[in-house]
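Please read the briefing below alongside the sequence and the coordinates. It covers the contact between chains, the nonpolar cores and one tryptophan.

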Amino acid sequence: MTETINSGDTAWMIVSTALVMLMTPGLAFFYGGLVRRKNVLSIMMQCFMLIGVISVQWVLFGYSLAFGPDHGGVIGGLSWAGLNGVGLEANPDYAATIPHQLFMVFQMMFAVITPALIIGAFAERMKFSAFLVFSILWTTIVYDPMAHWIWGVGGFLREYGALDFAGGTVVHINAGMAALAAALVIGKRRGYPEVSPPHNLPFAILGAALLWFGWFGFNAGSALSANGLSVSAFVATHMAAAAAAVAWAVLEWITRKRPTALGLISGVVAGLVAVTPAAGFVTPLGAMAIGALAGLVCYVAVVVVKRKLGYDDSLDAFGVHGVGGMVGALLTGLWATTVVNPAAADGLFHGNSKQLLLQFVALIGCAAYSFVLSFGLLKLVDKFIGLRVESEKENIGLDLTQHSESAYTVVG
Amino acid sequence: MKYVVAIIQPDRLDDVIAALGEEEINLMTVTDVMGRGRQKGVAEVYRSHVERNGLLHKIKIEIAVSDNHVWQTVDAITHGARTGSIGDGKIFVLDLEECVRIRTGETGVSALA
């Protein structure tokens, strides 16, 4: 082991990796609680299956495509396939004080949860086989390249100057746009917009708790070290979640007479999504402003706009992750400050008007890439396998028809 | 007086309640049930345990009505619940001997509504 390995940084990053891993099961509970009883296992199955499948993909070639030696600024190639050359010494290009494999496995958890977010858009009606094929292909041709552009050495957006601390674009805007594409391609659930309410809100709340907890690893872990910067990201993450929760609750209280549990946890997630690009660049007060604004904007996106436009993004993957991610990316261009992170840049509110434009351009480019490729990939998978289950199977429920299981065996 | 018991597909409930509402029939009891008729259940697998006599989730609606409202009720339920596929369900009409309003102690037809 070389002397550059720092045991404090390594310990924190090992924990961060575990925290981010927990977010995918957390998402399983969050989404699972929101669907009907007859489909809860299908949601959890999709999430857990992705943990298995994408981890394998990552080690076999995903990590290499995303972070491997650059080809043309767009992809990492296959020289690190099978983790060839990814050892226990540090790779200073990415993280100078932790083993390279730790950086790899930390990033793996991001690659796992991103396709899982899209589940929210096609919940309760997608064939398991089509879901698997789509998710693996999507991760390979949409996630891995985008991760390379923004985070990979030689990636053409890495030096562009847009600020994205923990993956607001690569994870949230990316998954959010794919979710929108999926909602449009796969079509609405039977009977939409008259659909059943969440079957188990306590599960959804549990899921939100696990996501909040895990997000500390997602954001503070993206500092790749245990120091002032990770603390700053930790505080920003928490304050954004708290402010967003309050904002959504207040807005709901005013416009609909009562604050709801579902509204509260939706606000929390919106705030966490929005602070993801900003976490290591803003002050605690800046984070609170970002969280509160994200709570308000996502509330409108989910409660007003979706209803008006009529698309069935069942669990608001686009409304919260897509919209929240975009709000966060733009607000980072306002509140970023080199006082918090000298290696970054200032935003509009700290005297630099150029940053906002950089945020906007990167956002638009990545959102367009994600939407177009996701749409095309879904159409392709639909043509060869068929995306949607037959109407009768959708009626009986995916748990029984796709997995031969019933979540709550109450009788007998 | 009659007691109407209907077993329907769960996703038809909203339509049935709406159809009953149009006939001014708004009092009912609704329960989650498991059952099977000609529509066969789906096999369930739990590691080494395989269940083949699958029961499917259905909804039971119970309504107490006066004799001259029976067929309106049955027709409204049928209208709301029918899809034409096997599994639509069944309606049973039973004789109802007595009905009591707990709050006031009233009995008979006036206690129904």
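The points that follow are grouped by topic.

This is a predicted model, in which local features need pLDDT of at least 70 and side-chain atom pairs count only at pLDDT 80 or more, whereas totals for chains, interfaces and linings use all residues. Residues are numbered from 1 along each chain as its sequence is written, while chains are lettered from A and ligands numbered from 1 in the order in which they are written.

**Contact between the chains**
- Chain A and chain B each enter the contact (C-beta atoms, placed from the backbone, within 7 Å), with 11 residues from chain A and 11 residues from chain B.
- On the side of chain A that touches chain B, the elements giving two or more residues are helix H12 (391–396) and helix H13 (398–403) of chain A, helices being DSSP runs of H or I with at least four residues, numbered from the N terminus.

**Nonpolar cores**
- The largest nonpolar core (buried Ala, Val, Leu, Ile, Met, Phe, Trp, Tyr and Cys residues joined through C-beta atoms within 7 Å) has 151 residues, and A:Ala278 and A:Ile290 are among those with the most contacts inside it.
- Helix H3 (residues 100–122) of chain A supplies the largest share of this core, 17 residues.
- A second, separate core of 13 residues includes B:Val4, B:Ile8, B:Leu20 and B:Ala81.

**A:Trp335**
- A:Trp335, in helix H10 (residues 317–335) of chain A, is buried because 23 other C-beta atoms lie within 10 Å, the cut-off for buried being 20 or more.
- Leaving aside neighbours within four places in sequence, A:Trp335 is in contact with residues including A:Ala278, A:Ile290 and A:Phe349.
- The C-alpha atoms of A:Trp335 and A:Asp346 are separated by 7.5 Å, the two residues being 11 residues apart along the chain.

Terms used:
Contact = placed C-beta atoms within 7 Å. Buried ≥ 20, exposed ≤ 12 C-beta atoms within 10 Å, placed from the backbone.
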